[in-house]
Amino acid sequence: MTAVPVLVYHSVSDSPSEWIAPFTVSPRAFTEQLDRITDAGLTVVSLRRLVSAIRGGPALPARAAVLTFDDGFADFYWTVAPQLQARELPATLFVTTGAVHPPGGAPSGSLLGPADMLNWRQIAGLDAVGIEIGGHSVTHPQMDTLTSRALCVELELCKRELEEALGHSVSSFAYPHGYSSPAVRRKVLRTGWDCACGVANAFSSTSDDTLRLARLTVRADTSPATFQGWLEGRGAPVAPFPDRWSTLGWRAYRRLRARLGLPLPR
């Protein structure tokens with residue numbers, strides 16, 4: 001299998017909120033990483049193109065990468081999108097709809113910490129220039145700990161809010177925190193989402209599961225050597241692979257805490 005680095009970013013900022021700082025890269029580091037992708041000879045393709053290739057569609061370039069961004073921070077509009085447009089690079093932005101606000105208004109609410117987030121007008125503008133807008137739930141919960149009813153609300157309302165704002169269907173989803181389960185993935189499909197991204201900190205491939213596509217998290221402490229290794233297909237396993245025992249145990253622990261009404265660890 002050919003390793004495909006599907007990179008997941010969050011905030012790109014020099015002054016992030018404290019809670020998201022470990023998952024934030026500076027604008028300078030982001031520019032350097034885009035340069036590394038180009039210098040390594042990779043072709044950035046859309047998430048939809050990867051999904052199509054997995055399902056037997058047109059083959060990917062020999063060396064491909066995918067760019068994704070989670071949550072919906074306002075710096076995507078001001079810092080990220082101009083760079084993507086200047087380089088003509090496709091990307092997918094997964095939006096937590098409860099964190100989005102109308103221009104001059106307040107968001108409906110999410111579990112994310114305080115931060116400058118996108119508004120609906122900006123999201124529509126990004127969609128208009130070719131950024132794929134995907135769903136990232138309404139409130140950003142750990143979806144594998146939710147009741148069936150709560151899970152449906154997160155999936156259905158997120159999809160409806162995005163489609164009403166954009167005026168067309170949306171089909172790509174990303175699990176908050178990367179957490180899913182077989183039951184969550186079945187519900188995602190039944191709700192009308194066509195594909196979904198996890199994390200796994202692994203490479204994707206054309207044999208990957210389109211309902212839990214593997215991604216590599218770019219963090220504040222991701223070193224140039226680590227990033228370069230990813231571009232060369234080194235430093236992480238290649239999906240698909242079954243859930244690790246540690247993953248199953250961590251899921252069971254978080255579910256128990258949820259049932260007991262205790263705070264959930266990330």
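L262 is partly exposed in this predicted model, with a relative accessible area of 38%. You will find L262 in the segment after helix 8, which spans residues 245-259. L262 also has company: together with L256 and L260, L262 forms a nonpolar patch on the surface. The accessible area of these three leucines adds up to about 280 Å².

From there, let's move to helix 5, which covers residues 148-166 and has 19 residues. From the first C-alpha to the last, helix 5 reaches 27 Å, close to the 27 Å expected at 1.5 Å a residue. Which residues of helix 5 are buried? They are L151, C152, E154, L155, C158, K159, L162 and L166. These buried residues lie on the same side of helix 5, because they cover an arc of only 165 degrees around the axis. Turn to the other side of helix 5 and you meet R149 and E164, which are exposed.

Since two cysteines have just appeared, you may wonder how many disulfides a search of the whole structure finds. The result is zero. A disulfide is a covalent bond between the sulfur atoms of two cysteines, and the cut-off used here is a pair of sulfur atoms within 2.5 Å. For C152, the closest cysteine sulfur is in C158, but the separation is 13 Å, so they are too far for a bond. C152 counts as buried because its relative accessibility is 18%, and the limit for that label is under 20%. C195 tells a similar story: the closest cysteine sulfur, in C197, is 6.2 Å from the sulfur of C195, which is too far for a bond. C195 counts as buried too, at 0% relative accessibility.

Finally, have a look at the backbone. Most residues other than glycine have a negative phi, and most peptide bonds are trans. Against that background, a few places are worth a visit. S137 is not a glycine, yet has a positive phi of about 80 degrees. S137 sits in the loop between strand 7 (132-135) and helix 5, and is buried, with a relative accessible area of 0%. N201 is not a glycine either, and its phi is positive at about 45 degrees. The loop that holds N201 runs between strand 9 (195-200) and strand 10 (213-217). With a relative accessible area of 41%, N201 is partly exposed. As for peptide bonds, the one from A239 to P240 is cis, with omega near 10 degrees. P240 belongs to the loop between helix 7 (224-231) and helix 8.

Methods:
Residues are numbered from 1 along each chain as its sequence is written. This is a predicted model: local features need pLDDT of at least 70, side-chain atom pairs count only at pLDDT 80 or more; totals for chains, interfaces and linings use all residues. Side-chain values use heavy atoms; hydrogens and water are left out. Buried means under 20% relative accessible area, exposed over 50%, partly exposed in between (1.4 Å probe, protein chains only). Patches are made of residues with over 30% relative accessible area and no salt bridge: like charges are joined within 9 Å, nonpolar side chains (Val, Leu, Ile, Met, Phe, Trp, Tyr) within 5 Å. Accessible areas come from the Shrake-Rupley method with a 1.4 Å probe; for residues, only the protein chains shown count as cover. A salt bridge is a side-chain nitrogen of Lys or Arg within 4 Å of a carboxyl oxygen of Asp or Glu. Helices (H or I, at least four residues) and strands (E, at least two) are DSSP runs, numbered from the N terminus. The expected span of a helix is 1.5 Å times one less than its number of residues. The arc is that of the directions from the helix axis to the C-beta atoms.
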